[in-house]
Amino acid sequence: MSTLHIVFANELPEALLRCWSEGDALLLAGPCVVAALTADTSLPSPCYALDDAVRSRGLNAQWPAHIPRLSHSDWLNLLAQHQRSLSWS
């Protein structure tokens, strides 16, 4: 069963990788989008970010091209692709 992990916390929770299974996806939301800019952070894949969270923090110019930015409607589509979702805050 695939899970969409949605992280709203300031940083990635340590338990996230222990709960990760093949087919899961990660959505960075809120302040956690800054984790995508940290060079020593290896994010699980696939990884996405909410565009609103990126723009509101002024991260457009330095945003990594390999992490797609999603609108709220894209987020709903991503939710529909997974059997469950788990929010981390």
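The exercises below walk through one predicted protein model, each with a worked solution.

Residues are numbered from 1 along each chain as its sequence is written, and side-chain values use heavy atoms, with hydrogens and water left out. Because the model is predicted, local features need pLDDT of at least 70 and side-chain atom pairs count only at pLDDT 80 or more, while totals for chains, interfaces and linings use all residues.

**Exercise 1. Overall layout**

Task: State how many helices and strands the protein chain has, and in which pattern they follow one another.

Solution. Start with the rule: helices (H or I, at least four residues) and strands (E, at least two) are DSSP runs, numbered from the N terminus. Under this rule the protein chain has three helices and five strands. Along the sequence they follow the pattern β-α-β-β-α-β-α-β. Next, consider the radius of gyration, taken over C-alpha atoms, and the globule rule, 2.2 Å times the number of residues to the power 0.38. The radius of gyration is 12 Å, close to the 12 Å that the globule rule gives for 89 residues, so the protein chain is as compact as a globular protein of that length. The C-alpha trace spans about 35 × 30 × 20 Å along its principal axes.

**Exercise 2. The sheet**

Task: Give the order of the strands in the sheet and find which of them stand at the edges.

Solution. Two strands pair if DSSP finds at least two bridges between them. The five strands form an open sheet in the order β4-β3-β2-β1-β5, with parallel pairing. At its edges stand β4 (69-70) and β5 (84-88), each with a single partner strand, so one side of each has no neighbour in the sheet. Now go to the inner pairs. β1 and β2 are parallel and share four bridges; here L4 stands opposite A25 in β2. Three bridges join β2 to β3, again in parallel. Across this pair, L26 stands opposite C47 in β3, and L28 has A49 in β3 as its bridge partner. Finally, add the helix. Axes are lines fitted to C-alpha atoms, for helices over the stretch in contact, with angles from 0 to 180 degrees between N-to-C directions, and contact means heavy atoms within 4.5 Å. α3 lies across β1, β2, β3, β4 and β5, and runs at about 145° to β1.

**Exercise 3. The core**

Task: Find which residues have the most contacts inside the largest nonpolar core, and which elements supply it.

Solution. Buried means under 20% relative accessible area, exposed over 50%, and partly exposed in between (1.4 Å probe, protein chains only). A nonpolar core is a set of buried Ala, Val, Leu, Ile, Met, Phe, Trp, Tyr and Cys residues joined through side-chain atoms within 4.5 Å. The largest such core has 27 residues, and L4, L27, L28, V33, A49 and W63 have the most contacts inside it. At least two residues each come from β1 (3-7), β2 (25-28), β3 (47-50), α2 (51-56) and α3 (72-80). Within β2, A25 and L27 point one way and L26 and L28 the other, and all are buried. Take L4 as an example: leaving out residues up to four places away in sequence, L4 touches A25, L26 and L27, and also residues including W75, L78 and L79. Over the protein chain, 40% of the 89 residues count as buried.

**Exercise 4. An aromatic pair**

Task: Describe how the rings of F8 and W75 are placed.

Solution. Rings of Phe, Tyr and Trp (its six-membered ring) pair if their centres lie within 6.5 Å; planes under 30 degrees apart count as stacked, over 60 as edge-to-face and the rest as tilted. The count by this rule is one aromatic pair. The ring centres of F8 and W75 are 6.4 Å apart with planes at 50°, so the pair is tilted. F8 lies in the loop between β1 and α1 (15-19) and W75 in helix α3, so the pair ties together parts 67 residues apart in sequence. F8 is partly exposed at 33% relative accessibility, while W75 is buried at 17%.

**Exercise 5. A peptide bond and a helix residue**

Task: Find which residues a cis peptide bond joins, and whether D51 is buried or exposed.

Solution. Most peptide bonds are trans. A cis bond joins S45 and P46, with omega about 5°, and P46 is in the loop between β2 and β3. D51 lies in helix α2 and is buried, with a relative accessible area of 19%. Apart from neighbours within four places in sequence, D51 is in contact with R69 and L70.
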